[in-house]
Amino acid sequence: MPQNVIPLPDDPRYMDLSYPEQGALTEEERNLDTLPPDQRELARKFWQAVKSDFRFNEYLRGCLNCGVCTSGCPAAKFYDYGPREMIQYMMRDAVDRIWEFVNKKVWACVQCYTCSMRCPFNNEIAGLIMLLREYAVQFALPSAKEILAPYRRVLYTVLTLGNQVTPDMIQPEAFPDWGPQAVEESKNMDVYRKAIPVDLLQRTDIGWHASLQTAVELMTIMFESGVMDAIKNVDPDLYDMVSDIYEERKSQLEEIREKWMNGELKEEDLPDSWLDL
Ligand code: SF4
Ligand code: SF4
């Protein structure tokens with residue numbers, strides 16, 4: 001082989017054509033010198049964790065740098081953001097750029113999956129964004145804490161009931177940006193719902209029903225699958241709140257089961273929903 005020809009690496013996704021002068025650096029040292037010294041180790045660990053996830057290799061398959069992903073991205077129309085940018089950083093193993101990206105831009109994506117549908121390389125781009133976000137939560141990065149803080153109430157209902165919103169959350173007073181019209185409309189909401197010929201919309205309470213047993217099973221899954229560990233990192237108060245509710249609901253369920261087994265409860269006395277307790 002002639003001396004000036006660079007051999008292809010085993011994994012073509014890591015062809016570093018733009019930065020041949022960095023070839024002599026070790027994997028750990030690559031691009032890290034541009035980051036503040038106190039963030040280098042964390043950035044390196046973060047990127048290693050993302051790359052070690054089995055989904056990373058499945059989702060990232062290569063990149064033509066064609067820009068099709070960014071051209072159809074709604075977030076790229078409004079923000080200094082683009083999925084191609086992220087894929088290129090990943091392809092170049094650019095720890096410093098990935099670190100900057102995950103600390104701000106990654107949260108601009110609306111998860112519409114347009115980029116994934118259009119990529120000629122079949123990259124699962126939106127999945128890679130989810131991966132970065134998931135690890136941002138696991139690593140309790142400040143950007144993840146900031147972004148999730150306003151969603152505390154939504155997270156609370158997802159974790160305890162399995163629903164994102166409950167009817168009592170949809171109060172126009174809580175959403176002044178809806179304007180005065182929404183307040184007027186909401187006064188007649190019962191009448192409007194009856195006018196819609198879909199049973200469920202006339203009985204919205206059914207859509208948010210969660211029995212005591214369902215609620216306990218749901219929270220057990222959240223704790224045992226590690227979701228609550230991630231929540232603990234970004235919002236310890238929410239973690240404490242859900243933990244208390246979990247313990248309370250579990251003992252309520254145990255008590256009911258015991259009474260039922262001992263024949264102390266009639267069927268009509270059984271609670272229909274945890275809201276009844
Ligand atoms: S999933 Fe995110 S990155 Fe992809 S097109 Fe939609 S907003 Fe853009
Ligand atoms: S559409 Fe696919 S191949 Fe084209 S720039 Fe985006 S990630 Fe790369």
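Helix α1 crosses helix α8 in a right-handed sense; right-handed means that the near helix is turned clockwise from the far one by less than a right angle. This is a predicted model, where local features need pLDDT of at least 70, side-chain atom pairs count only at pLDDT 80 or more, and totals for chains, interfaces and linings use all residues. Residues are numbered from 1 along each chain as its sequence is written, while chains are lettered from A and ligands numbered from 1 in the order in which they are written.

Helices here are DSSP runs (H or I, at least four residues). The axes of α1 (residues 37-52) and α8 (residues 125-138) come within 10 Å and cross at roughly 130°. Axes are lines fitted to C-alpha atoms over the stretch in contact, with angles from 0 to 180 degrees between N-to-C directions. That makes the pair oblique (outside under 35, 65 to 115 and over 145 degrees). F46, A49 and V50 of α1 meet L131, L132 and Y135 of α8 (C-beta atoms, placed from the backbone, within 7 Å). The contact residues are 6 nonpolar, no polar and no charged; Ala, Val, Leu, Ile, Met, Phe, Trp, Tyr, Cys and Pro count as nonpolar, Asp, Glu, Lys and Arg as charged, the others as polar.

Two ligand shells follow (C-beta, placed from the backbone, within 6 Å).

| Shell | Residues | Closest | Classes |
|---|---|---|---|
| Ligand 1 | 14 | C73, C109, C112, C115, A126 | 12 nonpolar, 2 polar, no charged |
| Ligand 2 | 14 | C63, C66, V68, C69, C119 | 10 nonpolar, 3 polar, 1 charged |

Around ligand 1, α4 (74-78), α7 (114-118) and α8 give two or more residues each. The largest share, 3 residues, comes from α8. Around ligand 2, α3 (68-71) and α5 (83-91) each supply at least two.

How values were computed
Contact = placed C-beta atoms within 7 Å.
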